[in-house]
Amino acid sequence: MSELSWWLLGACAAAFALKICGYFVPRKVLDSPLMSHVAATLTVALLASLVTMNALTSGQEIVIDARIGALAAATIALVFKAPYLVVVLVGALAAVALRASGLAA
């Protein structure tokens, strides 16, 4: 096997071991208000960084294109408390409209 295969198997084993360790954490620790707050905060932070990275970058470059308009349109739909599917559709339609109009690449 190649060196990359060994790294991949090692990463899989580490991920599996980390998941198994989660079963040994006492229930009172998981149910604490602090842990609930940390879990909620981490989820929002990870999602925000993922959205930002995918909306503003292409490879190693920062780009401004139709994805910014789509993100803005989806954000407006979220402010008005639209259902998730509507938010996705609004963002997609905004990206299509911006590209078709030639306002964004």
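Is leucine 89 buried, partly exposed or exposed? In this predicted model, leucine 89 is partly exposed. Its relative accessible area is 46%. That value falls between the 20% limit for buried residues and the 50% limit for exposed ones, so the middle class applies. Leucine 89 belongs to helix α5. Its C-alpha atom lies 9.8 Å from that of alanine 73. Along the chain, leucine 89 and alanine 73 are 16 residues apart.

The largest pocket comes next. It holds about 500 Å³ of space. Its lining consists of 18 residues. Those closest to the pocket centre are Val51, Leu71, Ala74, Leu78 and Val87. Three elements each give two or more residues to this lining: α3 (33-56), α4 (66-79) and α5 (84-101). By class, the lining of the largest pocket is made up of 14 nonpolar residues, three polar residues and one charged residue.

Nonpolar residues also form a patch on the surface. Its members are Val25, Val29, Leu30, Leu34, Met35, Val38, Leu42 and Leu46. Together they present about 670 Å² of accessible area. Helices α2 (27-30) and α3 each supply at least two residues of the patch. The most come from α3, which gives five. Leucine 42, one of the patch members, is located in helix α3. Its relative accessible area is 49%. Leucine 42 is therefore partly exposed, as the value stays below the 50% that an exposed residue must exceed. The same 49% lies over the 30% required of patch residues, so leucine 42 meets that part of the patch rule.

Charged side chains were examined for pairing. The count comes to two salt bridges. One joins arginine 27 and aspartate 31, with an N to O distance of 3.7 Å. Arginine 27 has 58% relative accessibility and counts as exposed. The other salt bridge links arginine 67 to aspartate 65. Here the closest N and O atoms are 3.2 Å apart. How exposed are the two partners? Arginine 67 has 27% relative accessibility and counts as partly exposed. Aspartate 65 has a relative accessible area of 14%. Aspartate 65 is buried because this value is under 20%.

Two loop residues complete the picture. Lysine 81 sits in the loop between α4 and α5. Its phi is positive, at about 60°, although lysine 81 is not a glycine. Most residues other than glycine have a negative phi. Lysine 81 is also exposed, with a relative accessible area of 73%. That value is over 50%, which means that lysine 81 falls in the exposed class.

Isoleucine 64 is found in the loop between β2 (61-62) and α4. Its relative accessibility is 69%, so isoleucine 64 counts as exposed. The C-alpha atoms of isoleucine 64 and valine 96 are 15 Å apart in space. In sequence, isoleucine 64 and valine 96 are separated by 32 residues.

Terms used: Residues are numbered from 1 along each chain as its sequence is written. This is a predicted model: local features need pLDDT of at least 70, side-chain atom pairs count only at pLDDT 80 or more; totals for chains, interfaces and linings use all residues. Side-chain values use heavy atoms; hydrogens and water are left out. On a 1 Å grid over the protein atoms alone, a cavity is a set of points where a 1.4 Å probe fits but cannot get out, and a pocket is an open set with protein on both sides within 12 Å along at least five of seven lines; lining residues have an atom within 4 Å of a point. Grid points are joined across faces, edges and corners, and a volume is the space filled by probe spheres set on the points. Helices (H or I, at least four residues) and strands (E, at least two) are DSSP runs, numbered from the N terminus. Ala, Val, Leu, Ile, Met, Phe, Trp, Tyr, Cys and Pro count as nonpolar, Asp, Glu, Lys and Arg as charged, and the others, Gly among them, as polar. Buried means under 20% relative accessible area, exposed over 50%, partly exposed in between (1.4 Å probe, protein chains only). Patches are made of residues with over 30% relative accessible area and no salt bridge: like charges are joined within 9 Å, nonpolar side chains (Val, Leu, Ile, Met, Phe, Trp, Tyr) within 5 Å. Accessible areas come from the Shrake-Rupley method with a 1.4 Å probe; for residues, only the protein chains shown count as cover. A salt bridge is a side-chain nitrogen of Lys or Arg within 4 Å of a carboxyl oxygen of Asp or Glu.
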